[in-house]
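Here is a walk through one protein fold, element by element. Keep the structure open and follow along.

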Amino acid sequence: MISFTLNKEKVSYDVDPNMPLLYVLRDVAQKTGTKFGCGAGQCGACTVHVDGTPIRSCLTPVSAIADKSITTIEGLADGEKLHPVQQAWVDNNVPQCGYCQSGQIMSAVALLAENASPSEADIETYMQGNICRCGTYPRIKKAIQQAAVQMQEVK
Ligand code: FES
Ligand code: FES
């Protein structure tokens, strides 16, 4: 039995400790916003936060996150109120097919937690592990810049 906190709720699942966290999230916890892209740590589609740090859930055995706090895309909003990064994504019509976007948003949230006012180069460097086959990078950058400004104003 593996216990952890998922989007602020305590959960326990009777699963193989070697099962990738991604499979537990999608197939057991039914949190399907986190996507399977490459399954090899190369694309970022499966990005979630463990105690606030972004990780590739496709490469993380669920045993490694026992008793930790996991946040997925489903856990970012505050009730009906979107996280400022999600709102900036909506405002800038960022997604095309959308497949990579939950991973992009999770990385962007982690970036802004580390660096409240990133330069374009900071954004490019931090986000380079999140691949978008639709090429939405310019809109991703714009949305992160907008979210950074909005989050600074709220402070
Ligand atoms: S699915 Fe995990 S990095 Fe691609
Ligand atoms: S929006 Fe299609 S892969 Fe990124």
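Helix α3 lies across strands β3, β4 and β5. Its direction makes an angle of about 40° with β3. The model is a predicted one. Helix α3 covers residues 101–114.

Pick one residue on this helix: alanine 110 lies in α3. Is alanine 110 buried or exposed? Its relative accessible area is 4%, and buried means under 20%, so alanine 110 is buried. Which residues does alanine 110 touch, leaving aside those up to four places away in sequence? They are His49, Pro54 and Tyr126. His49 falls within strand β3, residues 47–50. Pro54 falls within strand β4, residues 53–56. Alanine 143 is another matter: its C-alpha is 14 Å from that of alanine 110. In sequence, 33 residues separate alanine 110 and alanine 143.

Now turn to the sheet. Five strands make it up, in the order β2-β1-β5-β3-β4. The sheet is open, and its pairing is mixed. In general, strands of a sheet pair through backbone hydrogen bonds, either parallel or antiparallel. Strands β2 and β4 are the edges, each pairing on one side only. From one strand to the next, the twist averages 40°.

Look at the β4 edge. Strands β3 and β4 run antiparallel, joined by four bridges. Threonine 47 stands opposite arginine 56 of β4. Valine 48 stands opposite isoleucine 55, also in β4. The two strands form a hairpin, with two residues between them. One residue in the turn is aspartate 51, which has a positive phi of about 50°.

Helix α1 also belongs in this part of the picture. It spans residues 21–28. Which of its residues are buried? They are Leu21, Leu22, Val24 and Leu25. Residues three or four places apart in an α-helix point the same way, because the helix has 3.6 residues a turn. What covers the buried residues of α1 includes β1 (2–6), β2 (9–13), β3, β4 and β5 (69–71). After α1 comes glutamine 30. Glutamine 30 has a positive phi, near 60°.

Next, the helix packing. Helix α2 covers residues 84–91. It packs against both α3 and α5. Take α3 to begin with. The axes of α2 and α3 come within 9 Å and cross at roughly 130°. How are these two helices oriented? Angles over 145 degrees would count as roughly antiparallel, and 65 to 115 as roughly perpendicular. The pair fits neither range, so α2 and α3 are oblique to each other. Their crossing is right-handed. From α2, the residues involved are Val85, Gln86 and Trp89. They meet Gln101, Gln104, Ile105, Ala108, Val109 and Leu112 of α3.

The α5 contact has its own geometry. Here the axes of α2 and α5 are 8 Å apart, at an angle of about 135°. The two helices are therefore oblique to each other. Again α2 makes a right-handed crossing, this time with α5. On the α2 side, Pro84, Val85, Ala88, Trp89 and Asp91 make the contact. On the α5 side are Ile140, Ala143, Ile144, Gln146, Ala147, Gln150 and Met151. Val85 and Trp89 of α2 appear in the contact with α5 and in the one with α3.

Finally, the charged pairs. How many salt bridges does a search of the whole structure find? It finds two. Lysine 141 forms one with glutamate 120, where the closest N and O atoms are 3.4 Å apart. Lysine 141 lies in helix α5 (residues 137–154) and glutamate 120 in helix α4 (residues 120–126), so the bridge ties together parts 21 residues apart in sequence. The other salt bridge joins lysine 141 to glutamate 124, at 2.5 Å from N to O. This pair also links α4 with α5, across 17 residues.

The bridges share a partner, and Glu120, Glu124 and Lys141 form one network. How exposed are its members? Lysine 141 has 17% relative accessibility, so it counts as buried. Glutamate 120 stands at 44% and counts as partly exposed. Glutamate 124 is also partly exposed, at 44%.

Technical notes: Residues are numbered from 1 along each chain as its sequence is written. Chains are lettered from A and ligands numbered from 1 in the order in which they are written. This is a predicted model: local features need pLDDT of at least 70, side-chain atom pairs count only at pLDDT 80 or more; totals for chains, interfaces and linings use all residues. Side-chain values use heavy atoms; hydrogens and water are left out. A salt bridge is a side-chain nitrogen of Lys or Arg within 4 Å of a carboxyl oxygen of Asp or Glu. Buried means under 20% relative accessible area, exposed over 50%, partly exposed in between (1.4 Å probe, protein chains only). Two strands pair if DSSP finds at least two bridges between them. Axes are lines fitted to C-alpha atoms, for helices over the stretch in contact, and angles run from 0 to 180 degrees between N-to-C directions. Angles under 35 degrees count as roughly parallel, over 145 as roughly antiparallel, 65 to 115 as roughly perpendicular and the rest as oblique. A crossing is left-handed if the near helix is turned anticlockwise from the far one by less than a right angle, and right-handed if clockwise. Contact means heavy atoms within 4.5 Å.
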